Amino acid sequence: MSERILMVTPYPPLRDGLAQYAVQEVKRLRAAGNDVEVLSPEPSAAHYHIDLLSRRGPVALAKRVVGYDRVIIQYHPAVFFRPPVTPAQRARVAAGLLFAFRRGGNVELRVHEFDVEGVRGSTLDAVLTRAMWRAARRITVHTESQGDQLARAYEVPRDRIEVVEHGAHFEPRTTATRAEARAQLQLPDDAFVFLSIGFIQPHKGFDRAVRAFGDLGARGCRLEIVGSVRPDDHDYQVHLDDLRALVEATPGVTLHEGYVSDEQFDTWIVAVDALVLPYRLIWSSSVAERAVLFGRPVIATQVGGLAQQMPPGTRLVADDGELLLAMREAAGDETLSARELVPWPVGDRDRIQSEIRIRAAALRAASPEAAAISSVSAPVRRVPPLALPDPVSARPGVSTFKRAVRRITAWQLDPVVGQVNRLRHAVIDALEGDDGPPGRR
């Protein structure tokens with residue numbers, strides 16, 4: 001029996017892993033004869049668009065969910081919450097979503113990531129957040145550990161939470177053979193090729209793969225890093241600068257910057273001998289599922305739910321030393337022993353980002369080659385764009401007062417902020433003139 005379904009999700013042409021996941025489920029639901037409409041949080045190819053980050057977003061969603069047999073929400077905190085998340089914002093969003101879930105009736109949450117901050121105790125935001133999650137008729141997660149944690153955090157009956165494999169709706173996007181894929185990507189036929197692919201972000205840990213690769217380039221191996229960085233995040237841009245320098249100082253490693261199509265993504269996976277997923281922090285991985293789809297071996301760090309997600313035969317590593325050994329064993333080189341490395345912090349984004357900066361600085365100081373190839377504009381780009389502080393506060397009523405002050409002073413402050421940032425961009429453009437930075441001329 002066909003159903004009328006509303007899917008709430010980021011959607012193409014947005015370049016986002018969640019959007020790609022949703023497209024594949026929409027395709028499957030429609031193939032089964034269902035009438036599926038899509039609502040996205042920003043303009044896209046979806047039927048409807050509601051800014052879910054706005055103050056009226058959850059209420060507007062509540063008006064739209066009526067009249068469907070099922071409402072499926074691809075849930076990620078970034079879809080509904082604008083950082084920094086205060087107790088007042090958490091209470092407001094939770095109340096709006098609680099209203100929407102009850103109006104929709106048959107609401108299903110496809111949970112890709114969730115935040116347990118502020119959900120304990122008897123405060124208003126905690127009570128509303130737990131009630132919001134319990135109002136969902138069905139919740140799906142990708143691993144058993146996710147389900148257990150969610151049930152404990154939000155006091156949701158465990159039998160209402162179902163585990164669905166991350167790649168349950170995935171389909172191959174290429175029919176190329178390994179030889180055809182290598183020819184298309186101009187990769188040598190006889191090299192052992194590792195691949196790290198996806199959005200370039202500090203928690204993805206692609207720099208860890210480069211360091212573990214070490215001198216394998218001299219042994220005929222290659223490491224291909226493929227991905228793009230979201231341009232509006234300053235920390236990600238700084239991380240990209242460090243990664244570029246590290247790649248250029250490591251023979252055999254190539255960084256391919258830019259977003260790739262679904263077909264190109266799969267072509268890269270088909271072409272290589274092994275994927276390296278050196279994540280520092282993650283819940284589950286679409287890249288891992290696509291590797292399984294094409295039967296490619298995976299070396300992955302044992303974080304989040306990856307151990308439960310990956311099939312037998314996957315090489316799971318606990319730290320950088322084990323990653324180094326795993327890559328050498330995969331390439332048939334077991335002559336080197338693991339180096340003594342300080343373990344990375346686990347599970348804390350701020351600590352991870354701080355550690356990345358410290359190690360990147362140490363690399364530049366210790367490696368004249370890496371320092372020489374760093375862009376001359378990097379010191380300027382490391383200074384974040386000027387931005388006014390967010391008008392938020394944990395104290396009741398203060399956020400409203402700050403927003404009022406912000407509106408009153410905007411005509412004076414916004415032009416100053418804009419001019420400072422234009423000067424910053426002008427300096428960067430001047431430093432990155434026609435001759436280019438040292439080492440790239």
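Here are legends for three close-up views of this predicted model.

Local features need pLDDT of at least 70 and side-chain atom pairs count only at pLDDT 80 or more, while totals for chains, interfaces and linings use all residues. Residues are numbered from 1 along each chain as its sequence is written, and side-chain values use heavy atoms, with hydrogens and water left out.

**View 1. A look into the second largest pocket.** There's about 570 Å³ of space in here, a volume being the space filled by probe spheres set on grid points joined across faces, edges and corners. A pocket is an open set of points on a 1 Å grid over the protein atoms alone where a 1.4 Å probe fits, with protein on both sides within 12 Å along at least five of seven lines. Of the 25 lining residues, Arg 55, Gln 89, Arg 92, Val 392 and Arg 403 lie nearest the centre; lining residues have an atom within 4 Å of a point.

**View 2. The helices around that pocket.** α4 (87–104), α5 (124–134) and α17 (398–431) each chip in at least two lining residues, and α4 gives the largest share, with 5. Helices (H or I, at least four residues) and strands (E, at least two) are DSSP runs, numbered from the N terminus.

**View 3. Strand β4 (residues 70–75) and its partners.** 6 of its 6 residues are buried (under 20% relative accessible area, 1.4 Å probe, protein chains only). Arg 70, Ile 72 and Gln 74 point one way, and Val 71, Ile 73 and Tyr 75 the other. β1 (residues 4–8) runs parallel to β4, joined by 4 bridges, with Ile 5 opposite Arg 70. β5 (residues 107–111) also pairs with β4 in the parallel sense, over 5 bridges, and Val 71 stands opposite Val 107. Strands pair if DSSP finds at least two bridges between them.

Notes
Buried < 20%, exposed > 50% of the residue type's maximum accessible area, 1.4 Å probe, protein only.
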